[in-house]
Amino acid sequence: MAAGSALAAASASQVMSALTSAASAASPVGDVVGKITVGYQGWFACIGDGAPINTWWHWSANAGQPPSPSNTTIVAWPDMREYQRTYQTAYANLNNGQPATLFSSYDQQTVDTHFRWMRENSIDTAALQRFNPNGGEGPTRDAMAAKVRTAAEANGRKFYIMYDVSDWSNFQPEIKADWTNKMRAYTSSPMYAMQNGKPVVCIWGFGFNDGQRPFAPAPCLDVVNWFKSQGCYVIGGVPTYWRQGINDSRPGFLDVYHAFNMLSPWMVGRIGNVADTDRFYTNVNAPDQADCNAHGIDYQPCVLPGDVKSRQRAHGDFMWRQFYNMVRVGAQGIYISMFDEYNEGNQIAKSAETLATVPANSGMLALDEDGTACSSDYYLRLTGDGGRMLKGQLPLTATRPTPPVVSGDRQPPSVPGNLSVTGRTATTVTLAWSASADNVGVTGYQVLRGGTAVATAPGSPYTVTGLTPATAYSFTVTARDAAGNTSAPSNAVSVTTAPGSAAVSLRSRANNLYVTAAGGSPLIANGTSAGAGQQFERVDLGNGNVALRARVNNLYVCAEAAGAQPLIANRTAVGPWETFQVVTNSNGSISLRAQANGQYVCAEGAGAQPLIANRGAIGQWEQFDLVAG
């Protein structure tokens, strides 16, 4: 078999990606599919911060007065050590004697700090919450959108607009006008989130069965379809029981829900412990995923850290169980509720570690409320690890890998220097860079493609695999130490992969028909000729091993479920399930033995059924002719 384009051995992260990625994803990996998204409120202001609203916005019940134990809307206290500008409250001093001050989201340094935390913890995307902008809050919300863009671009994080229609009575024309006249301009940012080549927009609140969102299905469906007509990829923040139209969901909204490109059901207030999470996995999440798969919709369930005040967090075990369940259910993305939600106590942003940094008269709890010490950045780190498990960079595990407290080292490594491209093929790019320095020691590097981490490298050089022929890419590299500190990105390099090799087709000796990969269905020998659906690119893995990439969708053929299910072209990277040994038979035919289980690929039922790797020996049904295309 002639060698096709070269592919270096798959990295550990790619192997795990192959083992854990969802086979039925409606969309390829983008800025929300395959990524961790955090809900970003950005709605805290203080009198004197320069914001047009000029109140203690979302800090106080009576926003004209500073927050105090009797005038507050928050249930958790932020860690204030990294904010350069703070504002004095009417709370008593912290238990350590320091003044009780709070931040303003209107200060650019605050937003920069939050997005730096996202970058340091490999959080991919932020969904900026945008409520009805036509009242007194409008000018401040408009300004926050600009501040988020600035911070996102400075830190290489993606962002998108997430409309919340709560209490927005005239939303149908006004949301269209707001997008057209104001928010659409933000899609020109290189950091505006794109999915399937389209700008991402989320609409949260359609179909909820409450007085804040009393809308009928027709205007909601009109708005969804309008955004799609504007070329947007539209996410729906929907009720928990959207499929059944019961409990928190109004009946009659299923057509609205199915019109979205991605569904993100709300979970805050629905679960509070690990047992709840497992129950919802069985009764809600798994049927949700199946429904989305059946309708070609991406699924982005919520994961929440738990309310500090209600003692739900269990030092991270509650949140990690959700990550585990959502990855194993096959979710296409995960939405964190929320980044800075100090009002509900579900924030992952840095929070008071102990009562020493909580106001003495507040009655609030700290992250150590259950007796386990947690660093203030613990839930950021936990989210980063949950994202790595989603992407296959960590193995699927029910055991939380993130320690509540790391060593005292908080110094990031220096920036990797002089990143350059030293080699390329049709599907690989080799990168080299100067090593970073660290006060303790660098443990590895992350390779980022278009600002998103795609591989973990022990050092330089490193070969990125699984790329598309004749395609332009941009890469940067960051360094990481044992404490989880991450450097700023290196210089960016751009490269275009080489053209791909000629296609081949497989003709089954069982029925003399060509193997077809079409429409995301399992491979089957049913083609009477070798058209686009029957063509594959051979990728030489060395030692007689190959991978096959289907020309019809540019995805690798996989022996699904370690060979227990039919072959399907559905993977973006090569791992054991995508690796096949080529055996040349004495009659000139070839056979393929799957590395996933050591079994030969069979045209089951004399070719009438999908191909599956389930035979221990080679017979006629396991023989194929290799036809150059």
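Start by selecting helix α8: 10 of its 13 residues are buried, so the helix is largely enclosed by the rest of the structure. Keep in mind as you click around that this is a predicted model.

**Stop 1: helix α8**

Select residues 317-329 to get the whole helix. Now colour the buried positions: F318, M319, W320, Q322, F323, Y324, N325, M326, V327 and V329. Buried here means under 20% relative accessible area.

Next, try a quick geometry check. How far apart are the end C-alpha atoms of α8? They are 18 Å apart, and because 13 residues at 1.5 Å a residue should span 18 Å, the helix agrees with expectation. Then step one residue past the end of α8 to G330, where phi is positive, near 100 degrees.

**Stop 2: a three-stranded sheet**

Hide the helix and bring up β14, β15 and β18. These three strands form an open sheet, in the order β14-β15-β18, with antiparallel pairing. The edges belong to β14 (417-424) and β18 (462-464); each has a single partner strand, so one side of each is left without a neighbour in the sheet. Look along the sheet and you'll find a twist that averages 30 degrees from one strand to the next.

In general, strands of a sheet pair through backbone hydrogen bonds, either parallel or antiparallel. Zoom in on β14 and β15 (residues 429-434), which pair in the antiparallel sense over five bridges. Which residue in β15 is the bridge partner of G423? Select T430 and you have it.

**Stop 3: a loop residue**

Move on to A518, in the loop between β22 (514-516) and β23 (524-527). Is A518 buried or exposed? Neither, quite: its relative accessible area is 36%, so A518 counts as partly exposed. Draw a distance from its C-alpha atom to that of F215 and you get 40 Å, for two residues 303 apart along the chain.

**Stop 4: zoom out**

Show the full cartoon. The protein chain has nine helices and 32 strands, and its C-alpha atoms fill a box of roughly 85 × 60 × 45 Å along the principal axes. For 629 residues, a compact globule would have a radius of gyration near 25 Å; the chain has 26 Å, which agrees.

Switch to a surface view to finish. The accessible surface comes to about 21,900 Å², with 51% of it belonging to carbon and sulfur atoms. Buried residues make up 57% of the 629 in the chain. As for contacts between residues at least 6 apart in sequence, 67% join residues at least 24 apart.

How values were computed
Residues numbered from 1 in each chain as written. Predicted model: local features only at pLDDT ≥ 70, side-chain atom pairs only at ≥ 80, totals over all residues. Heavy atoms only, no water. Helix = DSSP H or I, 4+ residues; strand = E, 2+ residues; numbered from the N terminus. Expected span 1.5 Å × (residues − 1). Buried < 20%, exposed > 50% of the residue type's maximum accessible area, 1.4 Å probe, protein only. Pairing = 2+ DSSP bridges. Axes fitted to C-alpha atoms, helices over the stretch in contact; angles between N-to-C directions. Rg over C-alpha atoms; globule rule 2.2 N^0.38 Å. Contact = heavy atoms within 4.5 Å. Areas by Shrake-Rupley, 256 points an atom, 1.4 Å probe, with all protein chains shown as cover.
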